[in-house]
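Subject: Structure handover

Hello,

Here is the structure for you to look over. My notes on the cores, one helix and the pockets follow.

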Amino acid sequence: MKRLVATILLALAQVTIAAAQDFPNRPLTMVVPFAAGGPTDTVGRLLAAAMSENLGQQVVVENVDGAGGTLGAARVATAPPDGYTILLWHIGMATTATLYKNLPFDAATSFAPIGLVSEVPMTVIGNGRFPAGTPQQLVELVRARGLDISMAHAGIGSASHLCSTLFQSVLGVKVTTVPYGGTSPAMQDLQGDYVDLMCDQTTTTAIPIDTLAVKGYIITARERLRQIRNVQTFLEAGLEGFEITVWNGLWAPAGTPEAVVGRLNEALLAALQSEMLKRRMAVLATTPIAPERATPAELEALVASEIERWRPIILAGGEFVE
Ligand code: ASP
């Protein structure tokens, strides 16, 4: 009997190794848990194109939006752990761990990290008719009008939600927040003057700020960006503590064979060095991660430390999902 079990186990191990060696032999799905056209989607599509070249198979982006990215993440957490379904998400992996009481996945155990992808600051933007010309006027107006000000975000736990939570706490005021399935549809409503403000990654705000399609007020970084040189940093605007760096990461479901995760990491590293990706991200004020930081271990450690960093801020914000 023991012998039979050992033979079966050996056969299974051989099948897994053979599958890993053959990987990938068909197209892959990269789940982006927000609407098409937003910053996560933009990074995802650049990455998918560059990884496809390295893998010799198409990496097809699928947008599974809703609930701050948690619906798309749940889809990957429960997908077969074979490397053919992967998740491109962000800081939301860490924030939703505190914000949602009943997630169908665990940030620490449900995924096999592949690596960090990029980093990007956020910007507070307003619609063209918003009656504040400077960050100082913005702060005064938001403090005076409070709940009469509307601020769009991409669902509880999204980066834009985190940014709006921090913005309100730094200003000591509550505004009315409006959730969307991603910041691309939110940007359309902002430009249509249906909402007043939004805080979003520069990946999709740098161009509309530069072309004056929206008003750019504050950047959540310590240094100004050359792409939008007129936008003040949070320190220049006098908003101590209003600092956020959004990072994007790539994950497979937990249980994915190590060799497959290794192959996906190799494709990620190649993508991060692709001239097309670097050039495009530079225009979008988004920074590809240095290859030495694009490791599974670095991403795992970052998720753990970001959960701790944001927990007290989120707990003070008080906007939870039961
Ligand atoms: N920028 C969004 C966020 O706030 C998500 C997106 O639409 O990419 O997390």
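Helices and strands here are DSSP runs, numbered from the N terminus; a helix needs at least four residues and a strand at least two. Please keep in mind that this is a predicted model.

I start with the pockets.

Second largest pocket: its volume is about 200 Å³. Three elements, S4, helix H10 (275-283) and strand S11 (287-288), each supply at least two residues of its lining. The lining has 17 residues. Nearest the centre of this pocket lie Glu119, Pro121, Leu225, Ala285 and Thr287. By type, the lining splits into eight nonpolar, five polar and four charged residues.

Largest pocket: it holds about 290 Å³ of space. Its lining has 17 residues. Ile209, Leu212, Gly216, Asn230 and Val231 lie nearest its centre. Helix H8 (202-210) and strand S8 (215-219) each give at least two residues to this lining. S8 gives the most, with three. The lining residues comprise eight nonpolar, six polar and three charged.

Now the cores.

The largest nonpolar core contains 90 residues. Met30, Leu47, Met51, Leu138, Phe167 and Ile218 have the most contacts inside it. Strand S4 (residues 111-126) brings the largest share of this core, eight residues. Another core lies apart from it and has 17 residues. Ala206, Val214, Ile228 and Val231 are among the residues of that other core. Val231 is also one of the residues nearest the centre of the largest pocket.

What does Met30 touch, leaving aside its neighbours within four places in sequence? Its contacts include Leu47 and Met51, both listed with Met30 among the residues with the most contacts inside the largest core. Met30 also meets Gly44, Ala48, Val59, Val60, Val61 and Glu62. Ile86, Leu88 and Leu250 complete the set.

One helix deserves its own entry.

Is helix H3 (residues 70-77) mostly covered or mostly uncovered? H3 is mostly covered, with six of its eight residues buried. Those six are Thr70, Gly72, Ala73, Ala74, Val76 and Ala77. The buried residues of H3 pack against five elements: strand S1 (28-32), strand S3 (85-90), helix H4 (92-99), S4 and strand S10 (245-253). S4 thus recurs: in the packing of H3, in the largest core and in the lining of the second largest pocket.

Over to you.

Best wishes

Note on methods. Residues numbered from 1 in each chain as written. Predicted model: local features only at pLDDT ≥ 70, side-chain atom pairs only at ≥ 80, totals over all residues. Heavy atoms only, no water. Core = buried A, V, L, I, M, F, W, Y, C linked by side-chain atoms within 4.5 Å. Buried < 20%, exposed > 50% of the residue type's maximum accessible area, 1.4 Å probe, protein only. Contact = heavy atoms within 4.5 Å. 1 Å grid on protein atoms, 1.4 Å probe; cavity = no way out; pocket = protein on both sides within 12 Å on 5 of 7 lines; lining within 4 Å. Points joined across faces, edges and corners; volume = space filled by probe spheres on them. Nonpolar A, V, L, I, M, F, W, Y, C, P; charged D, E, K, R; others polar.
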